[in-house]
Amino acid sequence: MTTERELRVKPIVNGTVIDHISAGQALNVLKILGITSHTKSVVSVLMNVPSGHMGAKDVVKVEDRELDPEEVETIALISPKTTINIIRNYEVVEKFRVETPRSVVGLVRCGNPNCISNTNEPLESRFFVESEDPVRLRCSYCEFVLETELAEHLL
C-alpha cells in the first residue's frame, strides 16, 4: 500500500509570490532581488515543481516585500513566462505576467569583452530586445548578441 504525501508551504500574509519561473532559475531570481543568507524576511524557494503547463517550474515567495519595476523587468529577461502575485492579508490582490522590455539599459553586461560598455567609460550598457521567448538581446554599441545564459551577464 502506498501513501502519497504532500508538502505544503505556509501561505504568506503580505508579500510577493513569483510563480512560473523557468525551472532552475529560482536562485537567479534570489540574486536579482538581493536576497542573501542575511535577509530578515521569510523566503520560500521551490525548485523543479511539477507543472502541467511547463513540465517543471520554480516558485519564490517573499514575505513583506513587493518588487520594484526594475526587478520585474530583470526577472523577465531570465524567465519570460513568470507571473507575479501580490499578496495582502492572505489574498491575491494583483496578478500579472512579467513583460519583456523593448530595450534594456544598465541591467546586463555585454558578453563582448572589447565592447565600450565594458571599459571605464561613463556609460551604461544598452541592449535592444530582438526576441522575447527565448530572450535574445543585441548590444546597441557593438552588436554582440546575448541569447543564452543571460543570468550570468546580469549586473
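## Sheet, core and the Q25 loop

The side chains of Q25 and N28 are joined by a polar contact of 2.7 Å. In this predicted model, Q25 lies in the loop that connects β1 and α1. Beyond its neighbours within four places in sequence, Q25 contacts D58, I78 and A151.

The sheet is open and comprises 5 strands, ordered β2-β3-β1-β4-β5, with antiparallel pairing. Because β2 (43-51) and β5 (91-97) each have a single partner strand, they occupy the edges, and one side of each lacks a neighbour in the sheet. From one strand to the next, the twist averages 20°. The antiparallel pairing of β2 with β3 (residues 55-63) extends over 7 bridges; within β3, G55 is the bridge partner of S51.

In soluble globular proteins, nonpolar side chains tend to be buried together. Here the largest nonpolar core contains 33 residues, and I18, V108 and L137 have the most contacts inside it. Several elements supply at least two residues each to this core, including those tabulated below with their residue ranges.

| Element | Residues |
|---|---|
| β1 | 15-22 |
| α1 | 26-32 |
| α2 | 69-78 |
| β4 | 83-88 |
| β7 | 126-132 |
| β8 | 135-139 |

Strand β3 likewise supplies at least two residues of the core. The largest share, 5 residues, comes from α2.

The surroundings of V108 may be listed in full. Leaving out residues up to four places away in sequence, V108 touches L77, S125, F127, L137, L146, H153, L154 and L155. Among these, L137 is itself named with I18 and V108 as having the most contacts inside the core.

Technical notes
Residues are numbered from 1 along each chain as its sequence is written. This is a predicted model: local features need pLDDT of at least 70, side-chain atom pairs count only at pLDDT 80 or more; totals for chains, interfaces and linings use all residues. Side-chain values use heavy atoms; hydrogens and water are left out. Two strands pair if DSSP finds at least two bridges between them. Helices (H or I, at least four residues) and strands (E, at least two) are DSSP runs, numbered from the N terminus. Axes are lines fitted to C-alpha atoms, for helices over the stretch in contact, and angles run from 0 to 180 degrees between N-to-C directions. A nonpolar core is a set of buried Ala, Val, Leu, Ile, Met, Phe, Trp, Tyr and Cys residues joined through side-chain atoms within 4.5 Å. Buried means under 20% relative accessible area, exposed over 50%, partly exposed in between (1.4 Å probe, protein chains only). Contact means heavy atoms within 4.5 Å. A polar contact is a pair of N or O atoms within 3.5 Å; within protein, one must be able to donate a hydrogen and the other to accept it, and residues adjacent in sequence count only if both atoms are side-chain atoms.
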